[in-house]
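Here's a quick tour of a protein model, starting with burial and ending with charges. Have a look at the structure first, then read on.

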Amino acid sequence: MSVNASREVKTTCPYCGVGCGVLVGVDPQAQVTVRGDPDHPANFGRLCSKGAALAETLDDDNRLLRPRVGGETVDWTRALDHVATEFSRIIERHGPEAVAFYVSGQLLTEDYYVANKLMKGYIGAANIDTNSRLCMSSAVAGYKRAFGADSVPCCYEDLERAKLIVLAGSNTAWCHPVLFQRIRNAKQTHPDMRVVVIDPRITPSCDIADLHLPIAPGSDTDLFNGLLLYLRDNGETHEQFVANCTQGLEDALDQARESGADAISVAARCGLDEDRLLEFYRLFARTERVVSVFSQGVNQSSYGTDKVNSLINCHLLTGRIGRPGMGPFSLTGQPNAMGGREVGGLANQLAAHMEIANSSDRQRVQRFWQSPRIAAREGLKAFDLFRAIESGDVKAVWIMATNPAVSLPDSNRVRRALAGCDLVVVSDCVERTDTNQYAHVLLPAQGWGEKEGTVTNSERRISRQRAFLPPRGEARPDWWIIAQVAQRMGYAAGFSYRNSADIWREHAALSGFENGGGRDFDISPLARLSDSDYAQLQPVQWPLTSAARGTARLFADGVFFTPERKARFIAVGARRPANPVSAAYPLVLNSGRVRDHWHTMTRTGTSPRLSSHVVEPYAQVHPQDATAAGIEPQGLVRVASRWGELIVRAQISAEQRIGSVFIPMHWNRQFSSSPGVDCLVNPATDPVSGQPEFKHTPVSLSVYTPAWHGFMMSRRRLDPGPLTYWACARGDGLWRYEIAADEVPADWTVHARQWLCGEGGPAQWVEYHDAAAGRYRAARVVDGRLESCLFVDPQPTLPARDWLAHMFARQQLDEAERSGLLSGKPASDMEDGGRTVCACFSVGVNTLRDAIRTRALCSTQEIGECLQAGTNCGSCVPELEALLRESRETETVAGIPARPNIAVSPTEV
């Protein structure tokens, strides 16, 4: 990296849909620092643990630096010529629907726009879909059915002005941490605010909940249909709003009644105590300012669109929409899922929120683009696209900034489809992913910090991503790569962009082209921006007024975007998941995120502090289910479904619902022996949105008993080979591996040296082997420093890893440390901080427990003052609260007088 002078650049975080502003400092020595932008209205200076660690992820040795064709490094000219020639050949021979693009919410709006234009306006098919299909397409479909457009009515300020916040299928504490802290702080400021969490699990979001509804998986429509009838029967209808601004109420009520939405029936189907259910209904009924936040727990279902509409129906009945502190609010998962929706990145959309099914829209877009053709029908949605690749109907696919071999359901089938595809082109900024192994062509794209463009967050706020580093290697912007291929395919006139500002102006102009107020998305006042104005563009929410002012919330006037200009109630009947549990597969699998990782870990997996909170994949099961299956804490379990199986670590927790299993979505073959949880997930999709049912797959659990368990640590990344189980995590100056296998090596010394011995100076090899007990330990010391080590035992009860990891930070091991190295116990003067709880300040669980006990800490504020934990992003505060509760329970059992229970919010940045 090289830069000219110290400077600070305003940009936007590349992770979730909150869209936090980031201030990046780059000094003359190319050292990068990151802090929250106090002026950005999404976060006001806050960052979560992932955003705060962004600087750690920039020097990744896994960057894709140069184009490759057939495994050979080539120049850009040859690579682009090859892609253009092959796509043109396949189109000429098999037609435009024989090719496809699969894109990503990680792309910038300008990248998305050019890809969509090439496919739908020039190739002439609609086979472009996005990984956003997997996280928010049911929200899009629900909004469109109810409002006539993909219009998110709320803004973040509503979270602070509400009197009741319902978190439905949203673990906001871990998935949108900055917004969770805004809610927490608002609740502290306004003690009359109430929070209800609707989730089968007890999640960290329950830390601020006044009421938790642990509903049975898949019973959301029952819950909200019951709420609709309760509101109607108890006089909570906003008669004027319903009469003047909506249509379809009676059909929705009739359908709810037919589905059996009385409180007794609803409580039984949802698996809830009737009193608790009615408490929620009463709370919703008597509170005017209600914001219902929903996310993947609602969306990721074979009837997610119906779930969304059953919730929206309740807001329409009560008129709780379009005013401060109220409305149904979808939180998007990716940094630019909204931007992709704006440009038509989904296979069933055109640009600027226009519709492929509408002939007037098709003609309008084609006139604006002056394109030779326009897609005449909807294209293939994500999973259907890969089915078509498997069948051979789609013969070429261009994958951009995503990892479908890991993230799509029934992922083994997706891998088979890619392996058999005639042409797989991948544009990405990283070299090694599970998807890239199937690529015939690899094109190096610019990463965060190198590229220029815009993103749109969950509240419709457009923000700039700005470059602050030179591109690595020969990386290019995604829009440039696409435009160059388009030019080589004969479409130079439509793709002669000089920079991202050119694309932005065209995108903005299209949003206002022949609009006349009939479409919600309008940013046309920004179509006149000069390059310098675009460079300085400040965060703004669409739609824009003629004076280029943003709009905080929609529908204040009660006018919607349906032909009748009224919102629609949607009749929702009783629905159940596509695949019920059975004797063979008696448990329900749910998948999702952990606190400090993101998607398939290509970025967060390179950060030591983000990898320290959860170091390997796990299956969280309730103690009752664990006992029934004979599963021990920290043992290994085999999880199987009709679609695949994997082995993960067991995590036994009463926070899990009985009969359910939770497995994180992030791990894959770059970080473990497992292809990822989606090899288990069933391929059922919502018939309206096409979104897969990630939240309900029947599975079975069984104990996996290997011949031995072990762990390795090394300064360099190792190849664990064909072990039955392995998982690796980045540490501070090291890589950590958890390992297990079915067979014991004939000679542990030979095996250990194959793993651990790499380059370096004079090495000292120390080992211990108790053949009778099945224990083996070895360490390699190079130039006085610990270079690698291996610990093996027949049982999973191995020595603690965290203190040993600290040994790698020592420049020289003294005699006591060397002699005690293989004992598995730290020296008397070495602290074992334990598993990391606070990633921002690297504070471990043992350190926290000791401080709470010895210093009589009573609140998270006192913990922060003592150890800094919880004072930066606040993501660890629920775990700090849990440790405080644990301490109080321990003292109660021991007969120690109770200390005061003081709940305090985290210190703001």
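## Burial and contacts

This is a predicted model, and 64% of the protein's 909 residues are buried. As for contacts with a separation of 6 or more, 71% of them are between residues 24 or more positions apart.

## Inside the cores

The largest nonpolar core takes in 212 residues. Phe101, Leu223, Phe280 and Trp398 have the most contacts inside that core.

So what does Trp398 touch, leaving out residues up to four places away in sequence? On the list are Val83 and Phe87, then the run Ala100, Phe101 and Tyr102. Further along the chain, Trp398 also touches Val425, Ser427, Leu443, Ile481, Ile482 and Val485. Note that Phe101, itself one of the residues with the most contacts in the core, is among these partners. Apart from this core there's another one, with 43 residues, including Tyr438, Ala619, Ala650 and Val661.

## Overall build

Count up the secondary structure and you get 29 helices and 36 strands. Along the principal axes, the C-alpha atoms fill a box of roughly 80 × 70 × 55 Å.

How does the radius of gyration fit in? For 909 residues, a compact globule would come out near 29 Å, and the protein has 27 Å, so the two agree.

## Surface and charge

The protein's accessible surface is about 31,600 Å², and carbon and sulfur atoms own 47% of that. On the charge side, there are 96 positive and 104 negative charges, with their mean positions 3 Å apart.

Notes
Residues numbered from 1 in each chain as written. Predicted model: local features only at pLDDT ≥ 70, side-chain atom pairs only at ≥ 80, totals over all residues. Heavy atoms only, no water. Helix = DSSP H or I, 4+ residues; strand = E, 2+ residues; numbered from the N terminus. Rg over C-alpha atoms; globule rule 2.2 N^0.38 Å. Buried < 20%, exposed > 50% of the residue type's maximum accessible area, 1.4 Å probe, protein only. Contact = heavy atoms within 4.5 Å. Areas by Shrake-Rupley, 256 points an atom, 1.4 Å probe, with all protein chains shown as cover. Lys, Arg positive; Asp, Glu negative; His and termini not counted. Charge placed at Lys NZ, Arg CZ, Asp CG, Glu CD. Core = buried A, V, L, I, M, F, W, Y, C linked by side-chain atoms within 4.5 Å.
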